[in-house]
Amino acid sequence: MPAHPGTIAVIGTPGEEMGGAGKIRLAEAGVFDGVDAAVMFHPGDRSLTGRPGLAAAHLRVAFAGTSAHAALSPWSGRSALAGAQLFLNALDTMRQFVPPSARLHGIISDGGQAPNVVPAHAAVDLYVRDGTAASVEELVERVRAAAAGAALATGTAAEVTETGPLYAERRDNTVLAERFAAAVRALGVDIAPGDPRGPAGSSDIGNLSQPLPVIHPYIQIAEVGTPGHSDALREAAATAFAHDRTQVAAAGLAWVVTGLLTDPGLLAAARAEFTTVSTGGTD
């Protein structure tokens, strides 16, 4: 086989979800400089050429109050936990007035240390998601206002910080996704196009998809209906079926990468689609 110019890089990017942002941090360090396209796959309960990925902000809302004995002198205290509770109630009220694509969800990560002490510190960890990074940033401002209101009502102080970088929405390149689909179908795995209106999570692959063409297909390793990131999916990942499907997915990605090196038309078509989508044009 004749030699072809180009370099294939296998780049480990840990922490793609939950705010770890491995791809974002590596991109900021220049690891993806000069890269023409990036490919990866995700295991799941069905095989899809791609699916939407929501933009996401990772936030911590910390409340500071005044400690006091909850029985002897509660009037001397100001409960940070009360601030956190009121803030979560404010988020519940907001849900009726945000776009249907938005997701606001969180947990109380610090609720105090003892029942007989008015908590001086409390915190809520939450994600704010929507279809675009711009929409998420607008929602974050409303979340900040809700935190300030809850603090004012409870005599506490609220501080909103980011626990990880903002994840951008995902843009799958259909030219490369179709090349992947053809490869895995040839290996006996049926794969369907993803529903752009279907449910979605978030990943730092979205940030890479803004400056360069990427694909993020899904390959079935578990029964349909198996929840993602669950004990059941973890157990499925240890089966021979999952290992076989992982080899199929790896072969499909290799076929895409080989095509990018050997077929100038493939890269040109992927770039053309990427540029058209970036400028808001149509074919």
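Here are three short exercises, with worked solutions, on the sheet and the pockets of a predicted model.

Residues are numbered from 1 along each chain as its sequence is written. Because the model is predicted, local features need pLDDT of at least 70 and side-chain atom pairs count only at pLDDT 80 or more, while totals for chains, interfaces and linings use all residues; side-chain values use heavy atoms, with hydrogens and water left out.

**Exercise 1: the sheet**

Work out in which order the 4 strands of the open sheet stand, and which of them stand at the edges.

*Solution.* Start with the strands, which are DSSP runs of E with at least two residues, numbered from the N terminus. Two strands pair if DSSP finds at least two bridges between them. Following the pairs gives β4-β5-β3-β6, with antiparallel pairing. Now look at the ends: β4 (103-110) and β6 (157-167) each have a single partner strand, so one side of each has no neighbour in the sheet. Zoom in on β3 and β6, and you'll find 8 bridges joining them. As a landmark, Ala 56 stands opposite Tyr 167 in β6.

**Exercise 2: helices on the sheet**

Find which strands helix α2 lies across, and which ones helix α3 touches.

*Solution.* Helices are DSSP runs of H or I with at least four residues, and contact means heavy atoms within 4.5 Å. Take α2 (residues 80-94) to begin with: it lies across β3, β4 and β5, running at about 20° to β5. Then go to α3 (residues 133-154), which packs on the sheet and touches β3, β4, β5 and β6. The direction of α3 makes about 10° with that of β3. Angles like these run from 0 to 180 degrees between N-to-C directions, with axes fitted to C-alpha atoms, for helices over the stretch in contact.

**Exercise 3: the largest pocket**

Describe the largest pocket: how much space lies in it, and what lines it?

*Solution.* A pocket is an open set of points on a 1 Å grid where a 1.4 Å probe fits, with protein on both sides within 12 Å along at least five of seven lines; lining residues have an atom within 4 Å of a point. The volume, the space filled by probe spheres set on the points, is about 810 Å³. Next come the 29 lining residues, with Ala 9, Val 35, Ala 37, Ala 38 and Val 257 nearest the centre. Helix α7 gives the most to this lining, with 6 residues.
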